[in-house]
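Please open the model in your viewer, keep the sequence panel beside it, and follow the stops below in order, making each selection before you read what is there.

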2 protein chains.
Amino acid sequence: MSEETEIRAALGIHAAFYTALAEGDWDAMNELWASTGPVICTHPGATPILGREAVMASWRQILLEPPAIEARDAQVAMIRGLAFITCTEQIGEVRLAATKVLVWEDGGWRVALHQAGHCADPIRESTPSSGPLH
Amino acid sequence: MSEETEIRAALGIHAAFYTALAEGDWDAMNELWASTGPVICTHPGATPILGREAVMASWRQILLEPPAIEARDAQVAMIRGLAFITCTEQIGEVRLAATKVLVWEDGGWRVALHQAGHCADPIRESTPSSGPLH
């Protein structure tokens, strides 16, 4: 498979992730996460969660009240055969920065890592009260 | 090399990263990032930066005023031969959640991805005014 095809497939999974999230579709979200290795998820404002069972439990709670979320500006970098995807997320007036790492599993991409956190745009526009931390 | 040895080496790089950051040592930070592939960095409150030149330019700015930062609770997961490390970061009273992905390059681990964002602990303790977003 060409890298271009792999990238297109990764962006398809990325889009499916946000559809599942916006629609509160836990079964779809569950299907999207890798099942043959560790997974890691860091929700906005939360500490990292390591392990599939705990990660999916967190999604089960979140998907009870699905956010009106929109992903923008997705960019893919292929690193060592894994797809790294960055994007911003918009939930109403709240803006988040998100990163995912996708692994190839059973003929398709699956999510192994997701982290989202609040952001301003760009770093120089961080609120003066806090300023850039690092 | 055993996985245990790989994990110990990854935690060594993780510690070196925070030493470089706390000491404002740009040369050390520069050495720690992968040089043979794309790298991605998302600083707290900022949008994702893709590409080594832009990432290192952001560190050059940040390291002019190094934060009094301490990393805690590091956990490593080996996924597809890459080291995924989560931790929390403490800067004064500010707490951040961070994720890194390390790739093996020239006989050692190098950072290919870093993201840090503000966090409460755990997700259920998110401030009521915002609540968990996802």
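Begin by colouring the two chains of this predicted model separately, and then lay chain B on chain A, which can be done with an RMSD of 0.0 Å by a turn of 180 degrees and a shift of 0.0 Å along the axis. The two copies are thus related as by a two-fold rotation axis. To find that axis on the screen, select B:Gly117, whose C-alpha, at 2.5 Å, comes closest to the axis of the residues of chain B. The two copies also use the same surface, since 100% of the contact residues of chain B recur in chain A.

Next, select the interface itself, where 55 residues of chain B are in contact with 55 residues of chain A. The area buried between chain B and chain A is about 4300 Å², and carbon and sulfur atoms give 67% of it. Which three residues of chain B supply more of the area that chain B buries against chain A than any other three? Show B:Arg80, B:Leu133 and B:His134 as sticks, for they are the three in question, and together they supply 20% of that area.

Stay with the side of chain B that touches chain A, and colour the elements that each supply at least two of its residues: β1 (40-42), α3 (52-62), β3 (69-79), β4 (82-91), β5 (94-105) and β6 (108-118) of chain B. Of these, β5(B) gives the most, with ten residues. If you then colour this side by residue type, you will find 33 nonpolar residues, 16 polar ones and six charged ones.

How many salt bridges does the rule find across the interface of chain B and chain A? The answer is zero, although six residue pairs, both residues at pLDDT 80 or more, are in polar contact between chain B and chain A. Over all chains, the structure holds six salt bridges. For one inside chain B, select B:Arg8 and B:Glu4, whose side chains meet in a salt bridge with an N to O distance of 3.5 Å. Because B:Arg8 and B:Glu4 are four residues apart in helix α1 (residues 3-23) of chain B, they are separated by about one helical turn.

Now hide chain B and show chain A as a cartoon, so that you can trace an open sheet of six strands in the order β2-β1-β6-β5-β4-β3, with mixed pairing. Which strands of chain A stand at the edges? They are β2 (49-50) and β3 (69-79) of chain A, and each has a single partner strand, so one side of each is left without a neighbour in the sheet. Within this sheet, zoom in on β4 (residues 82-91) and β5 (residues 94-105) of chain A, which run antiparallel and are joined by nine bridges. Selecting A:Thr86 lets you look across to A:Thr99 in β5(A), which stands opposite.

Finally, bring chain B back and trace its open sheet, where six strands in mixed pairing follow the order β2-β1-β6-β5-β4-β3. Here β4(B) and β5(B) run antiparallel and are joined by nine bridges. End the tour by selecting B:Thr88 together with B:Ala97, its bridge partner in β5(B).

Technical notes
Residues numbered from 1 in each chain as written. Chains lettered and ligands numbered in written order. Predicted model: local features only at pLDDT ≥ 70, side-chain atom pairs only at ≥ 80, totals over all residues. Heavy atoms only, no water. Contact = heavy atoms within 4.5 Å. Buried area = accessible area lost by both parts, 1.4 Å probe. Salt bridge = Lys/Arg side-chain N within 4 Å of Asp/Glu carboxyl O. Polar contact = N/O pair within 3.5 Å; in protein donor to acceptor, adjacent residues only side chain to side chain. Nonpolar A, V, L, I, M, F, W, Y, C, P; charged D, E, K, R; others polar. Least-squares fit on C-alpha atoms with pLDDT ≥ 70 in both. Pairing = 2+ DSSP bridges.
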